[in-house]
Amino acid sequence: MTCPDSDHNLSEADDLNIHLIVSAVDNVAEENKDQPKPTPFPMPLPPNTTPAPKPVFMPGMSHRTEAPAPTSTAIPVPLQNHEDTASDEPTKTNGEAETSSSIELPRLRLHIQDIGHEGSSVFLSAVNASTVLKTSIEDISKHLYTNPTFASAHSTTPTPTRIRPQPPPTRSVTLILRDMDGVAYTTGSDLDSDHKEIHFSLRYIRSIAASRQTAEITGVVTHELVHCYQWNGKGKAPGGLIEGIADWVRLQCDLAPPHWKREVAGGWDAGYQHTAYFLQYLEERFGEGTVCRINNKLRQERYEEKPFWTELLGRPVEQLFEDYQGTIEKKKE
Ligand SMILES: [Zn+2]
């Protein structure tokens with residue numbers, strides 16, 4: 001499940017490199033500089049999921065040795081009304097729902113390591129290469145960083161509050177299409193984990209059925225981009241929760257593969273779509289924005305299972321999962 005060094009030499013003379021600058025923003029807010037760097041988290045790989053040969057958020061794991069250092073650019077491009085003063089304090093409300101989101105577009109790059117590879121043709125014909133990253137980030141912004149109203153009639157949380165979600169200080173994302181095993185993974189660059197690389201397998205892209213190419217490529221890109229923009233409880237969140245949030249966003253974008261289904265085997269943190277459907281249950285039960293709050297709590301504090309869930313949703317996660325299992329069983333009857 002590792003990526004072969006031999007496939008990862010970006011400086012090979014016979015490579016045809018395409019750098020597509022979709023948009024440019026690089027000046028991260030000063031307050032983000034003190035944010036902790038993401039740390040690695042091991043995780044099991046359930047079947048029928050999007051394999052990640054390497055864990056995400058692992059600075060220094062990249063084999064890149066000769067690529068040029070990322071360059072800086074200037075003007076931030078807010079996706080919507082940007083909140084420049086993120087705070088842990090609940091926002092004072094005046095009855096109006098706030099819908100501002102926090103993700104600013106970073107510098108986005110596309111690197112096609114082998115333009116002659118059949119997977120490259122599939123990618124370029126199935127998605128709009130100049131907008132797929134931007135659109136996916138907008139979707140992530142909508143689902144993980146849009147300020148929801150929690151004091152709804154559906155909410156049974158102990159202290160319904162509104163939050164000011166703040167994304168990690170990701171400064172650039174480079175999508176690298178290359179010939180490798182597996183499907184895709186995300187990592188920090190050698191120089192700075194705020195610069196993310198998404199490695200996506202050309203072999204895998206080539207193997208996707210024609211009817212599924214657009215949805216599958218966009219779905220994988222969305223999943224990996226979530227890893228560039230999610231929090232991890234100071235590195236202590238279970239890998240299954242991290243992967244579950246990534247697939248939950250994919251689910252919200254109607255990009256779920258046909259084989260995904262609600263399953264309770266493996267526990268709440270089985271990861272990927274298993275956890276994604278559990279998160280969807282929580283979203284429906286506790287109100288829109290619940291996963292956004294989970295992600296925000298993973299920003300605020302070191303993850304400790306019992307207090308994390310009890311403080312957020314009023315009961316332990318095992319109990320919530322049992323309730324979820326109950327609803328699945330009922331639907332089967
Ligand atoms: Zn993942």
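Start at the N terminus and follow the ribbon: the elements run β-α-α-β-β-β-α-α-α-α-α-α-α. That makes 9 helices and 4 strands, where helices (H or I, at least four residues) and strands (E, at least two) are DSSP runs numbered from the N terminus. You're looking at a predicted model, so note the filters: local features need pLDDT of at least 70, side-chain atom pairs count only at pLDDT 80 or more, and totals for chains, interfaces and linings use all residues. Residues are numbered from 1 along each chain as its sequence is written, and side-chain values use heavy atoms, with hydrogens and water left out.

**The whole chain**

Keep everything selected for a moment and switch on a surface. The protein exposes about 14,400 Å², and carbon and sulfur atoms supply 50% of that; areas come from the Shrake-Rupley method with a 1.4 Å probe, and for residues only the protein chains shown count as cover. Of the 333 residues, 53% count as buried. Buried means under 20% relative accessible area, exposed over 50%, and partly exposed in between (1.4 Å probe, protein chains only). Now for contacts, meaning heavy atoms within 4.5 Å: among those with a separation of 6 or more, 74% are between residues 24 or more positions apart.

**Stop 1: the zinc ion**

Select the zinc ion and show its surroundings. Which residues coordinate the zinc ion? They are His223 through NE2, His227 through NE2 and Glu243 through OE, at 2.0 to 2.1 Å. Donors here are N, O and S atoms within 2.8 Å of the metal (3.2 Å for Na, K and Ca); water is not among the atoms, so sites may look incomplete. Along the sequence, the donor residues are spaced H-x3-H-x15-E. The pair His227 and Glu243 links distant parts of the chain: His227 belongs to helix α4 (residues 213-229) and Glu243 to helix α5 (residues 239-252), 16 residues apart. Colour both by accessibility and you'll find His227 and Glu243 buried.

**Stop 2: helix α1**

Next, pick residues 118-126, which form helix α1. Gly119, Ser120, Val122, Phe123 and Ala126 are buried there. Look down the axis: these residues cover an arc of only 160°, so they sit on the same side of α1. (The arc is that of the directions from the helix axis to the C-beta atoms.) Glu118 and Ser125, on the other side of α1, are exposed. To see what the buried side packs against, add β1 (107-112), α2 (132-144), β2 (172-178), α3 (202-207) and α4.

**Stop 3: Ile205**

From α1, step over to Ile205 in helix α3. Buried or exposed, what is Ile205? Its relative accessibility is 0%, so Ile205 counts as buried. Measure C-alpha to C-alpha from Ile205 to Ser120 and you should get 7.9 Å, although the two are 85 residues apart in sequence. Leaving aside neighbours within four places in sequence, Ile205 is in contact with Gly119, Val122, Phe123, Leu177, Phe200 and Ile217.

**Stop 4: Gln252**

Head back to helix α5 and select Gln252. Gln252 is partly exposed, at 24% relative accessible area. Not counting residues up to four places away in sequence, Gln252 touches His143 and Gln280. The C-alpha atoms of Gln252 and His143 are 7.7 Å apart, with their positions 109 residues apart along the chain. Turn on side chains for Gln252 and Gln280, and a polar contact of 2.7 Å appears. A polar contact is a pair of N or O atoms within 3.5 Å; within protein, one must be able to donate a hydrogen and the other to accept it, and residues adjacent in sequence count only if both atoms are side-chain atoms.

**Stop 5: loops**

Thr146 is in the loop between α2 and β2, and at 17% relative accessibility it counts as buried. Its side chain has a polar atom 2.9 Å from the backbone oxygen of Ser141, and also reaches the backbone oxygen of Lys142 at 2.9 Å.

Then check some backbone torsions. Lys234, in the loop between α4 and α5, has a positive phi near 55° without being a glycine; Lys234 is partly exposed, at 37%. Asp254, in the loop between α5 and α6 (272-286), likewise has phi near 55°, and Asp254 is exposed, with a relative accessible area of 70%.

**Last stop: cysteines**

How many disulfides are there? The count is 0, taking a disulfide as a pair of cysteine sulfur atoms within 2.5 Å. While you're here, select Cys228, buried at 1% relative accessible area, and Cys253, buried at 15%.
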